[in-house]
Amino acid sequence: SGSSSSRFFRICRLTWVKTGMLPSAGIIKILCESLQKFPVKALVVDPVMVSTSGDSLSDPSTLTYYRDELFAMADIVTPNVKEASKLLGGVSLHTIADMRDAAESIYKFGPRYVLVKGGDMPDSSEAIDVFYDGKEFVELRGHRIKTRNTHGTGCTLASSIAAELAKGSSMLNAVQVAKNFVESALHHSKDLVIGNGPQGPFDHLFRLRCPPYNIGSQQRFNPDSLFLYAVTDSRMNKRWGHSIEDAVKAAIEGGATIVQLREKDIESRAFLEAAKACMDICKSSGVPLLINDRVDIALACNADGVHVGQSDISAREVRKLLGPGKIIGVSCKTPAQAEQAWRDGADYLGCGGVFPTTTKANNPTLGFEGLKAVCLASKLPVVAIGGINATNAGSVMELGLPNLKGVAVVSALFDRECVSTETRNLRSILTSVRCLA
Ligand SMILES: Cc1ncc(COP(=O)(O)OP(=O)(O)O)c(N)n1
Ligand SMILES: Cc1nc(C(=O)O)sc1CCOP(=O)(O)O
Ligand SMILES: [Mg+2]
């Protein structure tokens, strides 16, 4: 993390940017000009204006430039309550309702998301931040760690958000992972005694010396789990005499890294029973289990998430129902749908049909060009789907698209006698392509 610079996270030709302290209007102007020259995927603006000790770090003309020039380019702006107050002409922020109002007002300056950080709010055992996407508010709650070692927490949070976005997270997920990281780092640094000032530094490299810290924090989505996505189909299972549970067990045994129950013609009660049994299987193997379409089933079996398409309930509504910790996948066939899914708080995209398929009726085939267009436009990780099998999976991954994390497969795994053998074979093909990359 740094405080008087912009941090550029570069992957392939794409750039994710986090800004730190920008002490003059002239510097902001130069930065805005430079940003237009880079293929910036996302811009995180940490409006460093007030130090934790309360000192003002910028003059009025800088403030105007922040609001009028930089915020309009930002994907997210992350003021603490003192900075939010300063940005809004000195309004008082004492409550969560005040933070929501502030987030709404700052949103009007043009960023896509606002995070008002409540770490400085007194008298609470929790550190509550307010996330706003222009429509919905999410209150992100963390433990308040009692320590003087808080120097640079805001910079670290913003840097971590940018890093998570670069890894393919949705904005809400990136913010949560970043908040979790800062909380964990504070926890592991709380007793360090370094320097004499009112604030001490904290240890960003705590993970090298400490066991995992998990107070109240949930396991987050890892985009690498999209590598080999097994999607079930009850008609195929019936054809081969497999129960859903046996099919899922076999897919995991063969190396599936994530599973979706896509059960289109099964009664709800039987679906829920099977989903609960599959949750036990997946949990014990550390493989996430998602439910296709059915948010009710996902809630009832505490699944890891839900996959929805363009004619299902929107990801935004699913997020409201599932809460911030669950995984949401959205089927997308165009860059515009990919952009909307990101805005709606999805975690990954399913993009297809890459090849013709008979598993899903009337499914348009996008080919490699369609997949490429979605992957290049997407800020989220993508899994390719549609007609993928052992013969063509390698060619999909060999496209080397930056956001493409894996393949999702139905018939080539489940419309077969031995699901574990088919999965193992496909996994070894994917692994050999990854090794060559
Ligand atoms: C990983 C993945 N990608 C796409 C889909 C298709 O979802 P949807 O468009 O909602 O169609 P149905 O699967 O519901 O028929 C998917 N299920 N999984
Ligand atoms: C469920 C689904 N969704 C698709 C999409 O393009 O969004 S294609 C598809 C079916 C994939 O099955 P198979 O691996 O048997 O071709
Ligand atoms: Mg669907």
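**Lining, ligand and confidence**

Biologist: In this predicted model, what makes the residues lining the largest cavity count as nonpolar, polar or charged, and how many fall in each class?

Modeller: The lining divides into no nonpolar, one polar and six charged residues. It is formed by D233, S234, R235, R262, E263, K264 and D265; Asp, Glu, Lys and Arg count as charged, so S234 is the polar one.

Biologist: Why is this space called a cavity, and what is its volume?

Modeller: A cavity is a set of points where a 1.4 Å probe fits but cannot get out, so the word applies to this enclosed space, whose volume is about 40 Å³. The structure holds one cavity of 30 Å³ or more.

Biologist: What makes the approach of Q260, R262 and D293 to ligand 1 a polar contact in each case?

Modeller: The cut-off is a pair of N or O atoms within 3.5 Å. A nitrogen atom of ligand 1 is 3.0 Å from an N or O atom in the side chain of Q260, while oxygen atoms of ligand 1 are 2.6 Å from such an atom in the side chain of R262 and 3.2 Å from one in that of D293, and therefore each pair qualifies. Taken alone, ligand 1 exposes 420 Å², of which the protein buries 90%.

Biologist: How do you know how confident the predictor is along the chain?

Modeller: The pLDDT averages 89, and 92% of the residues score at least 70. Over residues 214-218, however, pLDDT stays under 50. For the complex, the predictor gives an ipTM of 0.99 and a pTM of 0.68.

Technical notes:
Residues are numbered from 1 along each chain as its sequence is written. Chains are lettered from A and ligands numbered from 1 in the order in which they are written. This is a predicted model: local features need pLDDT of at least 70, side-chain atom pairs count only at pLDDT 80 or more; totals for chains, interfaces and linings use all residues. Side-chain values use heavy atoms; hydrogens and water are left out. On a 1 Å grid over the protein atoms alone, a cavity is a set of points where a 1.4 Å probe fits but cannot get out, and a pocket is an open set with protein on both sides within 12 Å along at least five of seven lines; lining residues have an atom within 4 Å of a point. Grid points are joined across faces, edges and corners, and a volume is the space filled by probe spheres set on the points. pLDDT is the predictor's confidence in each residue, from 0 to 100. Contact means heavy atoms within 4.5 Å. A polar contact is a pair of N or O atoms within 3.5 Å; within protein, one must be able to donate a hydrogen and the other to accept it, and residues adjacent in sequence count only if both atoms are side-chain atoms. Accessible areas come from the Shrake-Rupley method with a 1.4 Å probe; for residues, only the protein chains shown count as cover.
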